[in-house]
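Subject: Structure for you to look at

Hi,

Here is the structure I said I would pass on. Have a look at it first, and then read my notes underneath.

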Amino acid sequence: MDKSMMGDLNSLNQADQQRMAAMIDQLQIRDSLRMYNNLVERCFTDCVDNFKRKTLDKQEETCVTRCAEKFMKHSMRVGLRFAELNQGAATQD
């Protein structure tokens, strides 16, 4: 949580601060689950094309690994860029 948000939360009473912290935690969990579900759906759709075996073949496994790595790197890059933009906006205030 950034410092400007913490400053705004500090103006609330203790009960409201706890409710807001719980809501923020829930949103973060929801976003993490959404990202994970998107990762699984995307990589499964792109990489798995037959259901003849219970396990992935080597090509599918390699594809899923690369897809997951690419997805995570992209998500981290977007997160860092968002943080940079957010920090730049905070310094302009």
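Let me start with a side chain that is easy to pass over: Asp57 has a relative accessible area of 23%, so it counts as partly exposed. Its place in that class follows from the cut-offs, because buried means under 20% and exposed means over 50%. Asp57 has a partner, too: its side chain meets that of Arg53 in a salt bridge, at 3.5 Å from N to O. Arg53 is likewise partly exposed, with 46% relative accessibility.

Before I go on, please keep in mind that this is a predicted model.

**Overall layout**

The protein chain has 3 helices and 0 strands, and along the sequence the pattern reads α-α-α. Out of its 93 residues, 10% count as buried.

**Helix 2**

Helix 2 covers residues 14-47. With 34 residues, helix 2 spans 49 Å from its first C-alpha to its last, which is close to the 50 Å expected at 1.5 Å a residue. At the start of this helix, Asn13 makes a contact you can find easily on screen: one of its side-chain oxygens comes to within 3.1 Å of the backbone nitrogen of Ala15.

Which residues of helix 2 are buried? They are Ile24, Leu39, Cys43 and Cys47.

**The core**

Some of those names come back in the largest nonpolar core, which has 5 residues in all: Leu39, Cys43, Cys47, Cys67 and Phe71. Two elements, helix 2 and helix 3 (58-92), each give two or more residues to this core. Helix 2 gives the most, with 3 residues.

Leu39 is worth a click of its own. Leu39 sits in helix 2, and its relative accessible area is 11%, so it is buried. Now select Glu69 as well, which lies in helix 3. How far apart are Leu39 and Glu69 in sequence and in space? They are 30 residues apart along the chain, and their C-alpha atoms are separated by 9.9 Å. In contrast to the buried Leu39, Glu69 is partly exposed, at 45% relative accessibility.

**Salt bridges**

How many salt bridges does the structure hold? There are 6, and the Asp57 and Arg53 pair I opened with is one of them. Here are two others for you to look up.

- Glu84 and Arg81: the closest N and O atoms of this salt bridge are 3.3 Å apart. Both residues lie in helix 3, with their positions 3 residues apart in the numbering, or about one turn of the helix. Glu84 counts as partly exposed because its relative accessibility is 48%, and Arg81 counts as partly exposed at 47%.
- Arg30 and Asp31: in this salt bridge the closest N and O atoms are 3.5 Å apart. Asp31 has a relative accessible area of 38%, so it is partly exposed, and Arg30 is partly exposed at 41% relative accessibility.

The Arg30 and Asp31 pair also belongs to something wider: salt bridges that share partners join Arg30, Asp31 and Arg34 into one network.

**A nonpolar patch on the surface**

What makes up the nonpolar surface patch of about 240 Å²? Leu12, Met20 and Met23 do. Met23 is placed in helix 2, and with 46% relative accessibility Met23 counts as partly exposed. That value also lets Met23 qualify for the patch, because patches are made of residues with over 30% relative accessible area and no salt bridge.

**If you only have a few minutes**

I would look at three places. Begin with the core, where Leu39, Cys43 and Cys47 come together with Cys67 and Phe71. Then go to the network of Arg30, Asp31 and Arg34. Finish with the patch made by Leu12, Met20 and Met23.

Have fun with it, and write back with any questions.

Best wishes

Notes. Residues numbered from 1 in each chain as written. Predicted model: local features only at pLDDT ≥ 70, side-chain atom pairs only at ≥ 80, totals over all residues. Heavy atoms only, no water. Patch = residues over 30% accessible without salt bridge, like charges linked within 9 Å, V, L, I, M, F, W, Y side chains within 5 Å. Areas by Shrake-Rupley, 256 points an atom, 1.4 Å probe, with all protein chains shown as cover. Salt bridge = Lys/Arg side-chain N within 4 Å of Asp/Glu carboxyl O. Helix = DSSP H or I, 4+ residues; strand = E, 2+ residues; numbered from the N terminus. Buried < 20%, exposed > 50% of the residue type's maximum accessible area, 1.4 Å probe, protein only. Expected span 1.5 Å × (residues − 1). Polar contact = N/O pair within 3.5 Å; in protein donor to acceptor, adjacent residues only side chain to side chain. Core = buried A, V, L, I, M, F, W, Y, C linked by side-chain atoms within 4.5 Å.
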